[in-house]
Amino acid sequence: MSARARLASSLLALVLLLPACDGDGGAGPTASSASPSPSSEGSPSPVPTGPGSAAAALAELCVRPSLPPSSEVPQEGPTPPAIARVERQVEQLRGLHFTERVAVDPVSHRELVKGLTESFDTSYPGVLYRRKSLAWQTIGAIPKGSSIRRALESFGSTQVIGYYDTLSHELVFIGSESPTAFERAVLAHELTHAVDDQHFGLSRLDRLAGGCKDEALAAALAVVEGSATYVQMLYVQRFLTLEEQLEIGLQPVPSTAGIPEFIVQLQTWPYTAGLTFVMDLVEDGGKRSVNDALTHLPVSTEQIIHPERYQTDLPQPVDVPDLAPKLGPGWTDLDVQEVGEEWLSLLLGLRIERASGASAAAGWDGGIYRAWSDGDHAAVVMATVWDTSEDASRFAQVMQRWLDAGDGAATVLPVQGSGVRVLFASDPATLSALETAAG
């Protein structure tokens, strides 16, 4: 969700993923000899954008500070031999060569956190995320009184161990010029981001974030983090001794206490799902490649979760009309956000079995929510479309079971064809008014 892509190594993902991956891992995500597939970066039909549409409201609400001009951070002095060695190994594993020097900055944990927090207001504007926090609280994605900004800041300060900045092209990691095995694994991850950026231009993620295109951004992040995590996995297997691999495996799993589970799941999903997606591309025998996916970014998390749908199953545009006039005086738009299969699956997994939630979300074909507030109350309409009417009915049933497991004011409206609308409100009286407004 960041408007400034600082592509990070997650300590939680590194510790949980790498020890579980054994064996050779297959060929690296190298370039395919086939021509790139046609781009899927678009929608099958135009999204309603006229006055009163959800897209128009999103454009008005998506206000972010201007990004600073892109600039290079000069690398001072020669690259330390240990770091240069990892660069060469990443080139070998990734099948790509660095076209220019990477500014690599080994820092302390305190310095890394300082670097992350310096751009926090640009990445997570206070007004925008206060609005979104209230919408997520009303839905039940995060506990009452929670702040998305505070949760992300806590996650970054405790879980992030390295990052690559797509604006400055600077690579920062916790370590030294003589990195340990664990630090070299982190370095391999971030160097993959750097070489991918040089060949495919990862600043496109900044543009997605700047336009609040959350669903497309989540899909793109999964490809980018999946590529880096896959190379990192190969690096550990091929260039670290068994003792060094055990050192990584024995790293303590960092605590996420105090961070809402939904935020933790959203932050780690690009690594786990992205790795699975990339491995599917690698095992596809060259018909598709990671380079293709980085050239033509997936547009939905559905395409990540179901790799066979990449470039073939585009989401349907969905609209939620403005209900503020029907809700009464003082009601205005609060937040608008795309909701994809990943978002819905993780949401359902908060209260019911994750497998059931994932199954119920698997027929997703498009979705968005729109929220309003009068300053004291909040109302949200989540509209989704599904591949079939059966998929819609299944989701509606599971969603109702999810609502019954909570204590919020919400209801699932009768299914209409392949469409499902779910209403959420801050209180029963507001829900009643929202039901009337929604028809």
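At what angle do the axes of helix α12 and helix α16 cross? In this predicted model, the crossing is at roughly 140 degrees. The two axes come within 10 Å. Helix α12 spans residues 261-282, and helix α16 spans residues 341-348. Angles over 145 degrees would count as roughly antiparallel, and 65 to 115 as roughly perpendicular. The pair α12 and α16 is therefore oblique. The crossing of α12 with α16 is right-handed.

Four residues of α12 make the contact: Phe 262, Gln 265, Leu 266 and Trp 269. On the α16 side, the contact residues are Glu 342, Trp 343, Leu 346 and Leu 347. By class, six residues of this contact are nonpolar, one is polar and one is charged.

A second helix pair involves α8 and α10. Helix α8 covers residues 181-200, and α10 covers residues 214-239. These helices pack at an angle of about 135 degrees. Their axes lie 8 Å apart. The arrangement of α8 and α10 is therefore oblique. The handedness of their crossing is right-handed.

From α8, the contact draws on Arg 184, Ala 185, Val 186, Ala 188, His 189, Thr 192, His 193 and Asp 196. From α10, it draws on Val 224, Glu 225, Ser 227, Ala 228, Thr 229, Val 231, Gln 232, Tyr 235 and Val 236. The contact of α8 with α10 comprises eight nonpolar, six polar and three charged residues.

The model also holds a covalent cross-link. The count comes to one disulfide. Cys 62 and Cys 212 form this bond, with their sulfur atoms 2.1 Å apart. The cut-off for a disulfide is 2.5 Å between cysteine sulfur atoms. The link of Cys 62 and Cys 212 is right-handed, with 90 degrees about the S-S bond.

The disulfide joins distant parts of the chain. Cys 62 sits in the loop between α2 (54-61) and α3 (81-94). Cys 212 sits in the loop between α9 (204-210) and α10 (214-239). The two cysteines are 150 residues apart.

Are these cysteines buried or exposed? Buried means under 20% relative accessible area. Cys 62 has 14% relative accessibility, so this residue counts as buried. Cys 212 has 8% relative accessibility, so Cys 212 counts as buried too.

Conventions: Residues are numbered from 1 along each chain as its sequence is written. This is a predicted model: local features need pLDDT of at least 70, side-chain atom pairs count only at pLDDT 80 or more; totals for chains, interfaces and linings use all residues. Side-chain values use heavy atoms; hydrogens and water are left out. Buried means under 20% relative accessible area, exposed over 50%, partly exposed in between (1.4 Å probe, protein chains only). Axes are lines fitted to C-alpha atoms, for helices over the stretch in contact, and angles run from 0 to 180 degrees between N-to-C directions. Angles under 35 degrees count as roughly parallel, over 145 as roughly antiparallel, 65 to 115 as roughly perpendicular and the rest as oblique. A crossing is left-handed if the near helix is turned anticlockwise from the far one by less than a right angle, and right-handed if clockwise. Contact means heavy atoms within 4.5 Å. Ala, Val, Leu, Ile, Met, Phe, Trp, Tyr, Cys and Pro count as nonpolar, Asp, Glu, Lys and Arg as charged, and the others, Gly among them, as polar.
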